[in-house]
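Work through these short exercises with the structure open. Each task is followed by a stepwise solution.

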Amino acid sequence: MNKELYINGIGAISPQKTFDNSVFLEEVLSYSTNKMMCVDPDYSLFFDGRAIRRMSRILKFGIAAAMIAIEDAGKPELDAISTGTGFGCLEDSEIFLRNIVAENEGVVSPTPFIQSTHNTVSGQIALLLKCQKSNNTFSHKGFSFESALLDARLNALDYNVQQNFLVGSSDEVSTASYAIMSRMNIFRKEPCDNLAQLASSGKGVIAGEGAAYVVLGKAATENTYGRFVDVKMISNPKDEATIEKAIHAFLALHELSLKDVDIVISGLCGDESRDTLLKHCNEKVYTEQTIVGFKHLCGEYMTASSFAVWLGAKMLKTQQVPESVVLRNTARTPKTILIHNAYKTSHSLILLKQ
Amino acid sequence: MPSAVYIVGRGVISALGDDLSGNRQSLLQSQAGIKAITRLNTRYSEMLPAAEVPHTNEALAAMADMPVTTTRTALLSMIAAKEAFDSFQLPDKLNYRAGFISANTVGGMDKTEDFMKEFAVDTTKGKLHDVIHHDCGAATELVAEKLGITEVVTTISTACSSAANAMIYAARLIRNGYLDWAIAGGTDALSRFTINGFNSLMILDNELCRPFDDTRKGLNLGEGAGYVVLASEKIVAQLAQQPTVKLSGFANANDAFHQTASSPEGRGNFDAMSGALAEAGLQPADIDYINLHGTGTANNDSSEGIAISRLFGKDLPYLSSTKTYTGHTLAACGGIEAIYSTLAIEEGVVFPNLRFQHQMKELEFEPQICLLEGKEIRHVLSNSFGFGGNCTSLIFSKVNE
C-alpha cells in the first residue's frame, strides 16, 4: 500500500523569519513579551497595493504562506486545498462586531463580514489559483490542521488520479483575542524570554500565530523534503496509559516501533499544567529520541502543529537539527520524525519519514 | 466502485419542528416556518423575517439536558445529534469506532455578540463565560463529549456548504476504515452577526423569500441543526432493520470566481453536481429530484439554474428549494436538506417550492409547486453552495437501486 504522500513544497510565515526557504533558522528571534506575532515578508511580492490595504493580517500571511509552498513545489496543478483554522479570521470578526455595536445595527460595511468567514483563506487561494477542485476548511480547536492533513490522506487513499494537495493552516492573534485570553490568565504574566521558555516551568503560555502550508504529492520531485505518512488525533487522553497505547498503536499501524523514531517534535508550550502528559512521554516513552521543541519559536495557538510539520520537513531535507530547537540531544539523524503535539487536552501524532 | 455508506439514523431541529416527525409534518402540510423574529434581540425583528426555532434558550437547554449558558449553536446541535444517535439501532454502538463530524459557520457568536456590547466600550468588561465557546469546535466538542464519541471529532466550516462537506468527510473516513460509523451534519443559530452581515450585502428579502422566482429579492435566514448517522456495510449487516437510503455520491468543488458571488454560468455548481454523479456512477437522467440550494438571491438561483440546465438539458427531474420552509440555515442546511432528501425517497414525495409564481427569464424550467405523492424517487441530488466559492453536491439513493 503505497499511499504515502511526498512533501514537495513548504511555506511558513511565523514569528520567526521562516518565509525564506533558502535558510533554516540561522537567525532566531527572541521576544521578551508574552505575545509573538508574524514577521512579515514583503507582501508586495504577493499582492497589489490595494489588496494589501484591504486584507487582514491572517489573509495576507495565510495566502502568502500557501503561495510560498506552491512556488517551492514548482507550481503544480492542485487537486485539493485543505486548510485548518482554530479561530478563523478574528480581526475581521472583531471589526464587524464592533461596527454592529457602534452603529446599533445600522449601516455597516460588508467587507469585514465577507472576510470574516472561516473559509476565506482557502477560498482566496482557490480564487488566486483559479483552482476549482475540492476545497475544505476545518475549524476544530487543536485538531484543525490535523483534520486538514487527514483530508489529504483520505484524498491519497480515495483517488488514484489525484496528484497534488495543498494543506496548511492559519491563525492570528487579534487585539480582542489577546485581551480576552489575557483576562482568562492563559498567557505568561511575568516578562519572559521565549528562547528559555520551554526549559522554565511556569504558568501560562506565550501567545503565538502563523501560517504554514505544504504541497503533498503522490510522486517525489527534485524538491522533495520527505514523506508525510499519517496523522492521528487523540481526544482528551485520560491518563498516561491511554496516550502510550495510542502512540504504540499508531506506529504499529505503519509497521514501526519506537526505536525506529529518530526525532520527536514535542508540542511543549511552557505551561506546567498543560505540559504534564507531553513531559511524561518525553521522559518515559521517547527515551532514545532526540527531543525537539518549537513553541518557543512560534508561540502557542490552535494550529501550531503546522509549524512543526514545516520544521520536520526542513530537518528531513537538510539533515540538520538546529541547536535552537533541541531540548534533548541523543545524536540521532533525522530519518523518521514523530510530531507529538498537544493543544490543551487535544493530542495529535503526525508521522514524517525521509 | 468504492463501498457504500448507509444512512442509519437521523435527527433534525428547525423552524418546522423539534424532531424528524415535526419537520415531516410541516413539510407535508406545506407549512413554512418563516415569520417575524421574536426570540433574537435585533432591531430587524419586524423588518426581516427569519425561520427561528420557536424556543428560548432555557427551553432548548432543558431539551438538550445542557446548562442554560450553553451557546444556542451547541444546544441545537445536541438536540438533533441526540435524536440521530438514539434513532441508530445498533447495540453497544459506542464499542465501535465512532465519529462526530459537525459543521457551523460562526460557532458561539450568539454569546460573543452579547459579550461584545460591554467589551466594545471597555475591554475589561463583558462576562468571560460568554466567549469560552466562541470557536467553531466548541459546540462539536460539547456534543461529542455528551454522546461519548471520541475516535474522530472535528468541525468543518465552509460557509453554507459546511454540513454537506461534513457528510463527505465522514463517508470517506468510513470508506477508508478510519471509522465504523459517524454522526455528520451541521448546526447554526441565528445571530445579529449573520443578520447584519447578510443585510450589509443586501441579499436579505424583507418579505418571505421566493427562490427560483423571477421576482425574488433575497434570502431569509433560518436556524437549526440536522444530522445523519452514516455507517459502513459491516455495521449495516448487524442491524435488525435494514436502511432504505444510502449516500451514493458526492463532490466538493470550488467556483473560484468571487469571495461571495457565484460565477454567472455556475461553473463550481456544475462541477459539484457532475462530480457527484460520476462518483455515484449515475447519469443525469437517473436523478428523480433535486433539492436545490435555492436561497432566493438573484445570483445564486440564476447560477444554480443555469448550471442545472447545462447538466440536465431539457429532461429535468423534479426540483424544489425547501429553504422556502426553513429559511437559509447556513452551516446546517446541508444536514437538514439531507434528511428531507431521505424523506423524499422513503415516502415517494416531492416537497413543493412554496410561493412560486413567476418563471425566471434566464431559465426554461419551473420548480415543483405542489406536493407530489406516490412517486418513485430513487435518487436525490442535494446542493449546497456557499461563500468562498465552496460548492458541494450529495446524492442520496434508495438502497438496491
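## Exercise 1: Two domains in contact

Task: How many residues of domain 1 of chain A are in contact with domain 2 of chain A?

Solution:
- This is a predicted model.
- Contact means heavy atoms within 4.5 Å.
- On the domain 1 side, 51 residues are in contact with domain 2 of chain A.
- On the domain 2 side, 47 residues take part.
- The assignment places domain 1 at 5-217 and domain 2 at 229-353.
- The C-alpha centres of these two domains lie 21 Å apart.

## Exercise 2: Overall size

Task: Why does the radius of gyration of chain A agree with a compact globule?

Solution:
- Start from the length: chain A has 354 residues.
- A compact globule with 354 residues would have a radius of gyration near 20 Å.
- Chain A has 19 Å, so the value agrees.
- Now add the extents: the C-alpha trace spans about 60 × 50 × 35 Å along its principal axes.

## Exercise 3: Inside and outside

Task: What percentage of the residues in chain A is buried?

Solution:
- Apply the cut-off: buried means under 20% relative accessible area.
- Buried residues make up 66% of the 354 residues.
- Turn to the surface: chain A exposes about 12500 Å².
- Carbon and sulfur atoms supply 52% of that area.

## Exercise 4: Fold and charge

Task: Which secondary structure elements does chain A have, and how many?

Solution:
- Count them: chain A has 12 helices and 11 strands.
- Check the contacts with a separation of 6 or more: 78% join residues 24 or more positions apart.
- Finish with charge: chain A has 35 positive and 39 negative charges, and their mean positions are 2 Å apart.

Key: Residues are numbered from 1 along each chain as its sequence is written. Chains are lettered from A and ligands numbered from 1 in the order in which they are written. This is a predicted model: local features need pLDDT of at least 70, side-chain atom pairs count only at pLDDT 80 or more; totals for chains, interfaces and linings use all residues. Side-chain values use heavy atoms; hydrogens and water are left out. Helices (H or I, at least four residues) and strands (E, at least two) are DSSP runs, numbered from the N terminus. The radius of gyration is taken over C-alpha atoms; the globule rule is 2.2 Å times the number of residues to the power 0.38. Buried means under 20% relative accessible area, exposed over 50%, partly exposed in between (1.4 Å probe, protein chains only). Accessible areas come from the Shrake-Rupley method with a 1.4 Å probe; for residues, only the protein chains shown count as cover. Lys and Arg count as positive and Asp and Glu as negative; His and the chain ends are not counted. The place of a charge is taken as NZ of Lys, CZ of Arg, CG of Asp or CD of Glu. Domain bounds come from an automatic or database domain assignment.
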